[in-house]
Amino acid sequence: MKVLVTGVTGYIGSHTAVELLAEGHDLIGIDDFSTSSPKVKHDIERVAGRPFTLLDLDLRNRCEVECLLASGEFDAIIHFAGRKFVGESVAEPMQYYERNLAASVSLAAAAQRHEISHVVFSSSCTVYGQPTQLPVTEETPIAPVSPYGRTKAMTETVLQDLCDATPSASVLALRYFNPIGAHPSALLGEVPSGPPNNLLPYIMQVAKRVRPFLNIYGGDYDTHDGTCIRDYIHVVDLARAHVLALDRAAETTGFEALNLGTGIGSSVLDVLEACEKATGRAIPHQIVDRRPGDAASMFADPSRAQQLLGWKAEANLPEMCLDHWNFERNLDVDALSA
Ligand code: UFG
């Protein structure tokens, strides 16, 4: 297929681009490089062994999006572009509504006008908010608790309405749990801009001695060791699911949402221990107050993805931590300390 990939140089976009190229798809990637670098193109091509076209395009620019979709003859779109930080979304909600929601609406409208029927959308388990029942299934109520979560839930609704009104359309919304790790080649991974918000990048910077210690947000949750539980999934497992979702989108019509997780919950202390083993280094840490908005425990029931895509996450926590470390250890310290 000829596939438009938005946010192609980002963390999940870049890993998915490798898998798509390896499967023989032709890619046109776009990015505005606000949280990534055009240099990632070279690394994607090096890992995949095939070239693709990369365009500098901000999805908020409707005219450019319209022009691209009018002339591109795309079979499908995989839509990653957007911001992803809960705290930032509370401080700057309009940026999230513009970049995540409004840009997605104009992309979907242009896709409809130009009869691009198949869309795979990068959603998040954040749409479930603070679930009271575990594991989280796709029937768990949608109840986002942040502007970021609401933009993901609203975009899903927009795409569902698009499918309801367009008999030929198919959309798969992939609800990611906590993606970590990096490509085993150590050429692709997540490069946080500024101090990391997420657990793994922060732990790795402590292991590199870029930061002195990890603050663990809360040690008194109702979990086996008092720290929060999440479902960490290897980014390459996640990337593989996109290729299968694209195949399914081409064969079906209508809207489907799928959880992408391992089904296994790990606490912050479990992750810390796995990272100490992977890095061979002690990771200084202290327990501090809870972070507002954190759910105590969150892990997926991924059986629908297994059933519909024939997909299952393969990597375990030690493998995820090792791949993450092998990428991070080579990163330029100056780039991280900003
Ligand atoms: N944590 C720490 N210290 C840190 C960073 C994180 O203790 O410095 C803890 C958090 O409190 C949480 C766990 O590590 O218990 C995971 O935190 P992350 O920030 O890595 O991930 P979240 O589960 O909070 O957020 C992720 C994605 C979001 C998404 C959300 C859905 O990063 O984009 O899942 O719940 F919205």
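Arg209 sits in the loop between helix H7 (199–207) and strand E8. Its phi is positive, about 70°, although Arg209 is not a glycine. With a relative accessibility of 48%, Arg209 counts as partly exposed, because that class lies between the buried limit of 20% and the exposed limit of 50%. The model described here is a predicted one.

**Loop residues**

Glu73 also has a positive phi, near 50°, and is likewise a residue other than glycine. Glu73 is placed in the loop between helix H3 (62–72) and strand E4 (76–79). Its relative accessibility is 67%, so Glu73 counts as exposed.

Two prolines belong to other loops. Pro51 is found between helix H2 (40–48) and strand E3 (53–56). A relative accessible area of 62% makes Pro51 exposed. Computed along the chain by residue number, Pro51 and Leu27 are 24 residues apart, while their C-alpha atoms are separated by 8.6 Å in space.Pro135 lies in the loop between strand E5 (118–124) and helix H6 (147–165). The peptide bond that joins Leu134 to Pro135 is cis, with omega near -5°.

**The ligand and its shell**

The ligand is surrounded by 20 residues, and the closest of them are Asn198, Asn215, Arg230, Arg291 and Asp294. Sorted by class, this shell holds 10 nonpolar, six polar and four charged residues. Strand E8 (residues 214–217) makes the greatest contribution to the shell, with four residues. Domain 1 (2–180 + 232–260) and domain 2 (199–230 + 263–336) each supply at least three residues to the shell.

Three asparagines have N or O atoms at the following distances from oxygen atoms of the ligand.

| Residue | Part of the residue | Distance to a ligand oxygen |
|---|---|---|
| Asn178 | polar side-chain atom | 3.0 Å |
| Asn197 | backbone N or O atom | 3.5 Å |
| Asn198 | side-chain N or O atom | 2.7 Å |

On its own, the ligand has 680 Å² of accessible area, and the protein covers 90% of that area. Asn198 appears both in the table, with its side-chain contact at 2.7 Å, and among the closest residues of the shell.

**Helix H8**

Helix H8 runs over residues 235–251 and has 17 residues. At 1.5 Å a residue, H8 should span 24 Å, and its end C-alpha atoms are 25 Å apart, which agrees. The helix is mostly covered, with 12 of the 17 residues buried. Among these buried residues are the aliphatic side chains of Val235, Val236, Leu238, Val243 and Leu246. The buried set also includes Asp237, His242 and Arg248. Alanines are represented in it by Ala239, Ala241, Ala245 and Ala249.

**Ser89 in helix H4**

Ser89 is part of helix H4 (residues 86–91). Is Ser89 buried or exposed? Its relative accessibility is 0%, so Ser89 counts as buried. The side chain of Ser89 has two polar contacts with backbone atoms listed here. One is with the backbone oxygen of Val86, at 2.7 Å. The other is with the backbone nitrogen of Tyr148, at 3.0 Å.

Notes. Residues are numbered from 1 along each chain as its sequence is written. This is a predicted model: local features need pLDDT of at least 70, side-chain atom pairs count only at pLDDT 80 or more; totals for chains, interfaces and linings use all residues. Side-chain values use heavy atoms; hydrogens and water are left out. A residue is near a molecule or strand if one of its heavy atoms lies within 4 Å of it. A polar contact is a pair of N or O atoms within 3.5 Å; within protein, one must be able to donate a hydrogen and the other to accept it, and residues adjacent in sequence count only if both atoms are side-chain atoms. Accessible areas come from the Shrake-Rupley method with a 1.4 Å probe; for residues, only the protein chains shown count as cover. Ala, Val, Leu, Ile, Met, Phe, Trp, Tyr, Cys and Pro count as nonpolar, Asp, Glu, Lys and Arg as charged, and the others, Gly among them, as polar. Domain bounds come from an automatic or database domain assignment. The expected span of a helix is 1.5 Å times one less than its number of residues. Buried means under 20% relative accessible area, exposed over 50%, partly exposed in between (1.4 Å probe, protein chains only).
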